[in-house]
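Look at how the chains meet before looking inside one of them. The text below takes these two views in turn.

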Amino acid sequence: MSMKSKLSLLGMTAIALVMATGAHAQEGEPIRIGAAYPLTGPAATNGLLAALGHEMIIDKINAEGGILGRPVESFTRDSKGTPADATSAARDLITLDNADFIVGGFTSGEGLAISEVALQEEVIYIAASPKTIQMSEDNFHKYMFRTAANTNTEGGSAAIIMNDLGVKRICTMLLDYSYGHDLLKGFKAHLEELDPEAEIVTEVWPALNVSDYTPYITEVMNSDCTGVFSGIWGGLFVPFAKQAASFGFFDQKEHFVAAGEPGSQEIIEELGDDMPTGIWANSYEVWYYPDTEAHNKYLEELRQRLDNPYPPSWPITGYMAVQALAAGIEAAGNTDTDAVIDALEGLTYESAIGPQTIRESDHQANRGQYWGQIAESDEYNFKILDPVRYIEADDIMD
Amino acid sequence: MPHSRLLLGAGIVGLLALLPLSGSTYLMYLSTQVLIFVLFATSLNILIGYAGLVSFGHAAFFAIGGYGCAILLRTYEIPLLLAMPAALVMTAILSALIGSLCVRLTSYYFSMLTLAFGQLIWAVVFKWRSMTGGDDGLLRVDSPSWIDTPASFFIFTLLVVTLAMLALWIVAHSPLGRTLMAIRENQVRAGFLGVHTRRVQLVAFTIAGTFAGLAGALFALFNRSIFPDSAWWLQSAEVLIMVVLGGMNSFFGPMVGALTLIVLSRFTLEVTDYWPGLLAIILLATLFFFPNGIAGLLKAKGKR
């Protein structure tokens, strides 16, 4: 091995890197926003859509004159779906791209890892989709804000749906990792408040990424519960629903309340006729609800970008994170980190889905949950959520 | 070690020690990461290159070292200078334990068993929530104040990795290293020559595991957090790729592999999201056209 060539390689790298690192942004110069989303790997399907939402809102802000009259420059890096890569991505955004603020994250692990970097580098981080309460409870710090809902809200809203359905005996099918356990915590806490008589009779805990749900399906079918609360999220719901349907699961269990966004357009279309009619499912966003000006404008942009009349639900996560940040900077009147933190605390901002308020205590936005009952549609060749309910988060965030 | 090489090595370390003068935090982070993976990959190469034992579960020891150090530091509030050696002792004991079972098997069976143990360690980390934080990982793994800036931590890492690499170099070029190669070439013959082959392999396994643990401890401190992904087989695969890419028939090969893989992936991702595809092509090209890796290629060029 030639030492000389290695040395020159190292030297060249060093020079290139030093040159790439510029000075920090001055007044009048662009505001630099860094985004970390999984662009490769298994989480990329969702991450790329979140990054698209991010790009859309940045372009929109710039077209409308920027923030505080300053243009916005955006940098996106790949967090690859793993905490260690999310750490590198966040660090690169701050130290190489000189991002003044960072947004993003997809998995809970990514969110926690990016949040840790934000604390270390003293940079504001807005969590776009990680929901773990670990971020806003045990590991909370002042640089972390969240426009996504937390697991309390998601579990609590499922409890509200379950209670409205009048279910007294409940089975849970949650995935055996922190997201599942956190959901159960939120669900239980609010169910007890709503209906002390309702009880969880059977809990099954499929491992994350199992391919065969049969043992869990049969165990729940052998239980005398009349309603099921599941947290089998996103793409994992697809094989689960197909397997469960073949057992006649959804016919036997009267009520099924599915958290983890299986009610999103992406999953509904993927499942097609196999999407079980009559179950309740949630989603980040629903393109036919609410029919407001802000939401319709957002949808119009998204339809143009994707050339798809029935846009997916994920871009809203990236979109709203930057909307909150921009509102915070506008309110602060400058990009000073402490000033923006002060401005964001208690701030109500106009998002694509209506006004959202970030509370002061744990920097959590009152992001509610869209729930809907899966119904056949005469109009489309896929099923829809009908009715759609937006469950407010204000009373269920803890 | 020949004097010229020793001088060159010292020169590189000396130059690296000047890096903080650049004032670039990015460079500090990148170099620290490369150094940690240089150590991790070199430790694996003691097994692959010298002992001819291909481990698919080397990340297990990386994670044991990382979690061990993080837990002692954070949960038990033991000072770093005690926590790190204690984590290494722990990794050494577990490496010896797991190794004693693995070296009973050879070739594919050895590899499969290391994979199984790797996943077992991952499962323990994932499930033992009260101790490891489960998939929420361990956060706030704070370094003591004397190494809590990116530059001072880089210097600390440089020092530790240099000493560790020196130790590994001595191991590789000691009678133990030669014996390992003899076993790799012909286990039966080495046995007939009176070598207790399993015991020698176990020693190598333990050394490799312990140094991977050291890399893991540095990694937890560097990221200030550690997650179960560190024990996952993909992490084992990544370090294996570094060894193959750099060249397993050279002591310095994995070093080049780690540097190349990390720097290349960073720069490629700036341009395209198709890094995994590119990596696959690079690996195929490496295996078909220069099986001795980048180090082998450079060596051949140097001789020409």
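Across the interface of chain A and chain B, the rule finds three salt bridges. One joins Arg266(B) to Asp92(A), with 2.7 Å between the closest N and O atoms. The model is a predicted one, and every value here is computed from it.

On the side of chain A that touches chain B, four elements of chain A each supply at least two residues: the helices α1 (3-20), α3 (83-95) and α4 (108-121), and the strand β2 (72-78). Of these, α1(A) gives the most, with 10 residues. Sorted by type, the residues on this side of chain A are 18 nonpolar, 16 polar and nine charged.

The whole contact involves 43 residues of chain A and 42 residues of chain B. About 3800 Å² is buried between the two chains, and carbon and sulfur atoms give 64% of that area. There are also 10 residue pairs in polar contact between chain A and chain B.

Now turn to the inside of chain A. Chain A is divided into domain 1 (3-149 + 310-357) and domain 2 (152-288 + 369-391), so each domain is written as two stretches of the chain. Their C-alpha centres lie 31 Å apart. In the contact between them, domain 1 of chain A takes part with 16 residues and domain 2 of chain A with 20 residues.

These two domains bury about 1600 Å² between them, 59% of it on carbon and sulfur atoms. Two salt bridges are found across this interface. Glu261(A) forms a salt bridge with Lys131(A), the closest N and O atoms being 2.7 Å apart. Five residue pairs are in polar contact across the domain interface. On the side of domain 1 of chain A that touches domain 2 of chain A, nine residues are nonpolar, five polar and two charged.

Notes. Residues numbered from 1 in each chain as written. Chains lettered and ligands numbered in written order. Predicted model: local features only at pLDDT ≥ 70, side-chain atom pairs only at ≥ 80, totals over all residues. Heavy atoms only, no water. Contact = heavy atoms within 4.5 Å. Buried area = accessible area lost by both parts, 1.4 Å probe. Salt bridge = Lys/Arg side-chain N within 4 Å of Asp/Glu carboxyl O. Polar contact = N/O pair within 3.5 Å; in protein donor to acceptor, adjacent residues only side chain to side chain. Nonpolar A, V, L, I, M, F, W, Y, C, P; charged D, E, K, R; others polar.
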